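User: I'd like to go through this one with you. Could we start with the overall picture and then move on to the details?

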Amino acid sequence: MHTTLPSTLSAGPGATHLEIEPSILYFGTPVALLSTENQDGSFNLAPISSAWALGQTVVIGLGREGQTAYNLARRPELVISLPAPAQWPAVERLAPLTGRDPVPLAKAEGYRFEPDKFAAAGLTGAPSHLVRPPRVAECPIQLEARAQRVGPDVSGEFVIVEAAVCTVHADARIVVPGTDHIDPAAWSPLIYNFRHYFGLGPERGHSHRSQTPRACR
Ligand SMILES: Cc1cc2nc3c(=O)[nH]c(=O)nc-3n(C[C@H](O)[C@H](O)[C@H](O)COP(=O)(O)O)c2cc1C
């Protein structure tokens, strides 16, 4: 089909974009560590990066065969702990582990069962206030939450979880003193960028809705 591009668009020789088929589309989202409760009352911990917040709801994408999806379909309480960039080695120690026993076929290559992922990662569980799974003590932000809806995605490979956050814990060093605001200059998420770990660079500006505006260069 022949289409005419609007005058503001261009194509052809000298075009700036290539049409490519990347194997993954992890375009840079924060890493989160999900604590959930296993059937025997012990706790699982898993790194994810498919998560985003809508008001007080966090929407999470999970592989259907993982222990985290299994747990949340049965026991809705969870903690979403957000590591800082320097904590990427602990995240990577969790990467080849699953709390699922036996290891599902889809994970047979490259994964092993680990019942104590906190110890395996060198991380510490801290008691939560309103939910049973523990927070990750080393993470600057920890969100206690309950899964309100757990269902399949359109491909059938994943599970989409909508979790309502009930308590927010923030390291005092990243909170604007005397307020409920996270200081965006003091906090950086750990970003998963096409399977590589990054922190944030310097601030470029702020939204017109920012409640913590600062002059920046
Ligand atoms: C940085 C990072 C991000 C990941 N993001 C996701 C994700 O968004 N969703 C997911 O299901 N798995 C994700 N994984 C893979 C899971 O951590 C992995 O499948 C793990 O075995 C799940 O543990 P579980 O079976 O105990 O739940 C990610 C792994 C890493 C290291």
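User: What share of the contacts with a separation of 6 or more in the protein comes from residues 24 or more positions apart?

Analyst: Bearing in mind that this is a predicted model, residues 24 or more positions apart account for 58% of the contacts in the protein with a separation of 6 or more.

User: And how many helices and strands are there?

Analyst: The protein has 3 helices and 14 strands, and its C-alpha trace spans about 65 × 50 × 30 Å along the principal axes. Of its 217 residues, 28% count as buried.

User: Which residues does the UniProt domain annotation cover?

Analyst: The UniProt record, an unreviewed entry, carries the annotation "domain: Flavin reductase like" over residues 27–200. In the model that span is 11% helix and 41% strand, and its end C-alpha atoms lie 14 Å apart.

User: OK, on to the ligand. Which residues come nearest?

Analyst: There are 21 residues around the ligand, and of these S50, G66, T68, T98 and G99 come nearest. Two or more residues of that shell are given by each of β3 (43–48), β5 (57–63), α1 (67–74) and β7 (97–98).

User: Which element gives the most?

Analyst: That is β3, which gives 4 residues to the shell around the ligand.

User: What is the shell like by class?

Analyst: The shell around the ligand has 10 nonpolar and 10 polar residues, together with 1 charged residue.

User: Let me stay with β3 for a moment, since N44 is found in that strand. Why does N44 count as buried?

Analyst: N44 counts as buried because it has 25 C-beta neighbours inside 10 Å, where the cut-off for a buried residue is 20 or more.

User: What does N44 touch, once residues up to four places away in sequence are not counted?

Analyst: N44 touches T36, N38, Q67, T68, N71, G99 and K117 on that basis. As for one of those partners, N71 is 27 residues from N44 along the chain, and the C-alpha atoms of the two are separated by 8.7 Å.

User: Q67, T68 and N71 bring us to α1; which of its residues are buried?

Analyst: In α1 the buried residues are Q67, T68, A69, Y70, N71 and L72. Because 6 of the 8 residues of α1 are buried, the helix is largely enclosed by the rest of the structure.

User: Changing topic, which residues touch the most other members in the largest nonpolar core?

Analyst: The largest nonpolar core has 35 residues, among which A32, L78 and I80 touch the most other members. The elements that give two or more residues to this core are β2 (32–37), β3, β5, α1, β6 (77–82), α3 (117–121), β11 (141–152) and β12 (158–170).

User: And what is A32 in contact with, leaving aside its neighbours within four places in sequence?

Analyst: With those neighbours left aside, A32 is in contact with I48, A51, I80, S81 and L82.

User: S81 is interesting; what is its bridge partner in β11?

Analyst: The bridge partner of S81 in β11 is Q142. The strands concerned, β6 and β11, run antiparallel and are joined by 6 bridges.

User: How many bridges join β11 to β12?

Analyst: β11 and β12 are joined by 11 bridges, and this pair also runs antiparallel. Among the bridge partners, P152 is matched with V159 in β12.

User: Which residue takes a positive phi in that hairpin?

Analyst: In the hairpin of β11 and β12, with 5 residues between the strands, G156 takes a positive phi near 85°.

How values were computed
Residues are numbered from 1 along each chain as its sequence is written. This is a predicted model: local features need pLDDT of at least 70, side-chain atom pairs count only at pLDDT 80 or more; totals for chains, interfaces and linings use all residues. A residue is near a molecule or strand if its C-beta atom, placed from the backbone, lies within 6 Å of it. Ala, Val, Leu, Ile, Met, Phe, Trp, Tyr, Cys and Pro count as nonpolar, Asp, Glu, Lys and Arg as charged, and the others, Gly among them, as polar. A residue is buried if 20 or more other C-beta atoms lie within 10 Å of its own, exposed if 12 or fewer, and partly exposed in between; C-beta atoms are placed from the backbone. Two residues are in contact if their C-beta atoms, placed from the backbone, lie within 7 Å. A nonpolar core is a set of buried Ala, Val, Leu, Ile, Met, Phe, Trp, Tyr and Cys residues joined through C-beta atoms within 7 Å. UniProt positions are given in the numbering used here, feature names are shortened, and annotations may be inferred rather than shown by experiment. Two strands pair if DSSP finds at least two bridges between them.
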